[in-house]
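Hi,

Here is the structure I said I would pass on. Have a look at it first, and my notes on what turned up are underneath.

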Amino acid sequence: MPDQSTSAPSTDAVEEVRDMAKDFYGGFVPNQIKVLNEHSPAAARAYIATMDLVEQGELPDHEREAVILTISRYNDCHYCTRTHAFLGRQAGLDQETIETIHRGGLPEDDRLRTLVKATRLLLDKRGWLDEDDLSNLQWEGIGKTELYEINTLIGLKIFSNYVNHIAQTEVDDLVTENDDIQEMWPVLGKMDW
């Protein structure tokens, strides 16, 4: 099927985003950014800039990766599920936690369990949490700081998950070379949620 784009992005815009990606990702340009940049440097720039801002939030790296992995698995994103399993391991998540989230279960760690539950609740209810939800989450240590950062990640990951669905983005070699991560797709067996 031919590309339906009406015009190609400017070379300057594409190169600017490529440089921005290399700075943000330590010299590496992920395939997802390449796909976005090819068609919309503005969208690629927005993604990178937002990820940079989110990394300055209150959630530590391993918690943020658990949330992102939960969202990506919820949305069945072949690219982000494996990529964030890989990044989650680098951020300190153990293989059992990653596989548990990937299968739809809840991690053993209390804080990660609560964050995963909160993320799924927000996704299931599309943000429409009632007073009981908020009270229960607050009792478990999840306040508006965490909820707003989770919401930011939901918006960002829905964007990237859907782009990857449309583009069928090829998973980066850096990720596919890791057998434990590669085996995570497709999910075998019934989801727990």
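The largest nonpolar core has 28 residues, and those with the most contacts inside it are Ile-33, Ile-150 and Leu-153. Helices α1 (11-24), α2 (31-39), α3 (41-54), α4, α7 and α9 (144-167) each supply at least two residues of this core. Keep in mind that this is a predicted model.

If you want a way into that core, try Ile-33. Leaving aside neighbours within four places in sequence, Ile-33 is in contact with Val-17, Ala-21, Tyr-25, Ala-44, Tyr-47 and Ile-48. Apart from the largest core lies another one, of eight residues, among them Leu-69, Ile-98, Ile-101 and Val-116. As a rule, nonpolar side chains in soluble globular proteins tend to be buried together.

On to α7, which took up much of my time. Its 16 residues should span 22 Å at 1.5 Å a residue, and the end C-alpha atoms are 22 Å apart, which agrees. The buried residues of α7 are Leu-112, Thr-114, Leu-115, Val-116, Ala-118, Thr-119, Arg-120, Leu-122 and Leu-123. What covers them includes α4, α6, α8 and α9. At the start of the helix, a side-chain oxygen of Asp-109 reaches to within 3.2 Å of the backbone nitrogen of Arg-111.

What does Thr-119, in α7, touch beyond its neighbours within four places in sequence? The contacts are Val-67, Thr-70, Ile-71, Ile-150 and Ile-154. Thr-119 has a relative accessible area of 0%, so it is buried. Thr-119 and Ile-154 are 35 residues apart in sequence, yet their C-alpha atoms are 8.1 Å apart in space.

Helix α6 (residues 95-103) has something similar at its start: a side-chain oxygen of Asp-94 comes to within 3.1 Å of the backbone nitrogen of Glu-96. The buried residues there are Gln-95, Thr-97, Ile-98, Thr-100, Ile-101 and His-102. Just after α6, Gly-104 takes a positive phi of about 95 degrees.

Now the charged pairs. The structure holds eight salt bridges. In one of them, the side chains of Glu-63 and Arg-111 meet at 3.1 Å, N to O. Glu-63 lies in helix α4 and Arg-111 in helix α7, so this pair ties together parts that are 48 residues apart in sequence. Glu-63 counts as buried, at 8% relative accessibility, whereas Arg-111 is partly exposed, with a relative accessible area of 28%.

Arg-111 also forms a salt bridge with Glu-146, where the closest N and O atoms are 3.2 Å apart. That pair links distant parts of the chain too, with Arg-111 in α7 and Glu-146 in α9, 35 residues apart. Glu-146 is buried, with a relative accessible area of 15%.

Another salt bridge is between Glu-140 and Lys-117, with the closest N and O atoms 3.3 Å apart. Because Glu-140 lies in the loop between α8 and α9 and Lys-117 in helix α7, the pair ties together parts that are 23 residues apart in sequence. Glu-140 counts as partly exposed at 31% relative accessibility, and Lys-117 is partly exposed with a relative accessible area of 34%. As for shared partners, salt bridges join Glu-63, Arg-111 and Glu-146 into one network.

One more acidic residue to look at is Asp-133, in helix α8. Asp-133 is buried, with a relative accessible area of 11%. Leaving aside neighbours within four places in sequence, Asp-133 is in contact with Leu-121, Lys-125 and Trp-128.

How many disulfides does the structure hold? Zero. The sulfur of Cys-77 is 3.9 Å from the closest cysteine sulfur, in Cys-80, and that is too far for a bond because a disulfide needs the two sulfurs within 2.5 Å. Cys-77 counts as buried at 0% relative accessibility, and Cys-80 counts as buried at 1%.

Finally, a couple of backbone oddities. Asp-76 has a positive phi of about 55 degrees although it is not a glycine. Asp-76 sits in the loop between α4 (61-74) and α5 (78-91) and is partly exposed, with a relative accessible area of 43%. Arg-126 likewise has a positive phi, near 50 degrees, in a residue other than glycine. Arg-126 lies in the loop between α7 (110-125) and α8 (131-139), and at 73% relative accessibility it counts as exposed.

Cheers

Key:
Residues are numbered from 1 along each chain as its sequence is written. This is a predicted model: local features need pLDDT of at least 70, side-chain atom pairs count only at pLDDT 80 or more; totals for chains, interfaces and linings use all residues. Side-chain values use heavy atoms; hydrogens and water are left out. Buried means under 20% relative accessible area, exposed over 50%, partly exposed in between (1.4 Å probe, protein chains only). A polar contact is a pair of N or O atoms within 3.5 Å; within protein, one must be able to donate a hydrogen and the other to accept it, and residues adjacent in sequence count only if both atoms are side-chain atoms. A nonpolar core is a set of buried Ala, Val, Leu, Ile, Met, Phe, Trp, Tyr and Cys residues joined through side-chain atoms within 4.5 Å. Contact means heavy atoms within 4.5 Å. The expected span of a helix is 1.5 Å times one less than its number of residues. A salt bridge is a side-chain nitrogen of Lys or Arg within 4 Å of a carboxyl oxygen of Asp or Glu.
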